[in-house]
Amino acid sequence: MAIYYGDGSNSNTGRVVQTIFKPKTSSWASSVGSSEVVPTGMYQTITTKTNSSKVLVEVKMSLIIAGSYYGSQWKLMRDSGTDQLSGSPIFVAAGDGNRDQATQGLDANNGSTSDNVQTRGCTFLDTPGNAGAYTYYVVFRDTSTDNFFYLNRGRTDDNNVNQPRSVSSILLQEIAAT
């Protein structure tokens with residue numbers, strides 16, 4: 001569906017109904033294995049006003065993965081309700097053989113550990129289907145080993161100018177579809 005803003009008509013189609021922005025300014029680190037892990041604070045709820053509304057989801061993360069990287073990934077998820085964080089993936093690759101479906105796979109050159117912060121994220125236009133509360137969030141997973149994921153911080157997080165802190169965010173916009 002193409003969305004046009006300010007098309008000159010009297011239609012509300014494509015108009016932003018509401019915007020919710022959630023910055024994550026604190027740091028987070030965790031060893032992540034094959035179980036999906038939600039980073040603290042990387043979720044946001046929006047309550048849509050009509051059954052035909054779309055939700056524009058924009059996720060931006062400052063991220064480091066330690067270890068082999070192989071099998072490291074993250075997924076964009078949606079849950080019907082408020083802050084339940086037990087929903088389903090909504091923006092993942094098509095299934096193909098034994099390959100895991102992810103929003104974004106995370107890999108490094110030759111499997112080496114990198115201390116460089118990577119900006120990761122996505123933009124997705126969701127169609128939740130009914131008016132109501134929807135929580136959007138990310139989950140991290142590593143299918144091959146337990147790797148450490150670092151959000152908004154360096155790997156060692158030493159208290160010096162060489163280990164800056166950064167910010168991540170989730171932006172949700174309800175878009176009128178009719």
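Does Arg99 count as buried or exposed, or, put another way, which class fits its relative accessibility? At 59% relative accessibility, Arg99 counts as exposed, where exposed means over 50% relative accessible area, buried under 20% and partly exposed in between (1.4 Å probe, protein chains only).The model described here is predicted, so local features need pLDDT of at least 70 and side-chain atom pairs count only at pLDDT 80 or more, while totals for chains, interfaces and linings use all residues. Residues are numbered from 1 along each chain as its sequence is written, and side-chain values use heavy atoms, with hydrogens and water left out.

Confidence comes first. The mean pLDDT (the predictor's confidence in each residue, from 0 to 100) is 83 for the protein, and 84% of the residues reach 70 or more. Over residues 1–8, pLDDT stays under 50. Where pLDDT is low, the predicted coordinates should not be read in detail. Among the elements, strand S11 (residues 168–175) has the highest mean pLDDT, 96, and strand S7 (residues 104–106) the lowest, 82. Strands (E, at least two residues) are DSSP runs, numbered from the N terminus.

The interior is next. The largest nonpolar core, a set of buried Ala, Val, Leu, Ile, Met, Phe, Trp, Tyr and Cys residues joined through side-chain atoms within 4.5 Å, has 25 residues, of which Val59, Trp74 and Phe140 touch the most other members. Strand S4 (54–66) gives the most to this core, with six residues. In soluble globular proteins, nonpolar side chains tend to be buried together. Strand S4 is mostly covered, as ten of its 13 residues are buried.

Strand S4 also has several partners, two strands being paired if DSSP finds at least two bridges between them. With S8 it pairs in the antiparallel sense over nine bridges, and Val57 stands opposite Phe124 in S8. With S11 the pairing is antiparallel over seven bridges, and Gln173 is the bridge partner of Leu56. S4 and S10 pair in the antiparallel sense over four bridges.

Finally, there are five salt bridges, each a side-chain nitrogen of Lys or Arg within 4 Å of a carboxyl oxygen of Asp or Glu. Arg99, met at the start, joins Asp96 in one of them (3.2 Å, N to O), and Asp96 is partly exposed at 45%. Asp126 and Arg78 meet in another (2.6 Å, N to O); this pair links distant parts of the chain, with Asp126 in strand S8 and Arg78 in strand S5, 48 residues apart. Asp126 is buried, with a relative accessible area of 5%.

Methods
Contact means heavy atoms within 4.5 Å.
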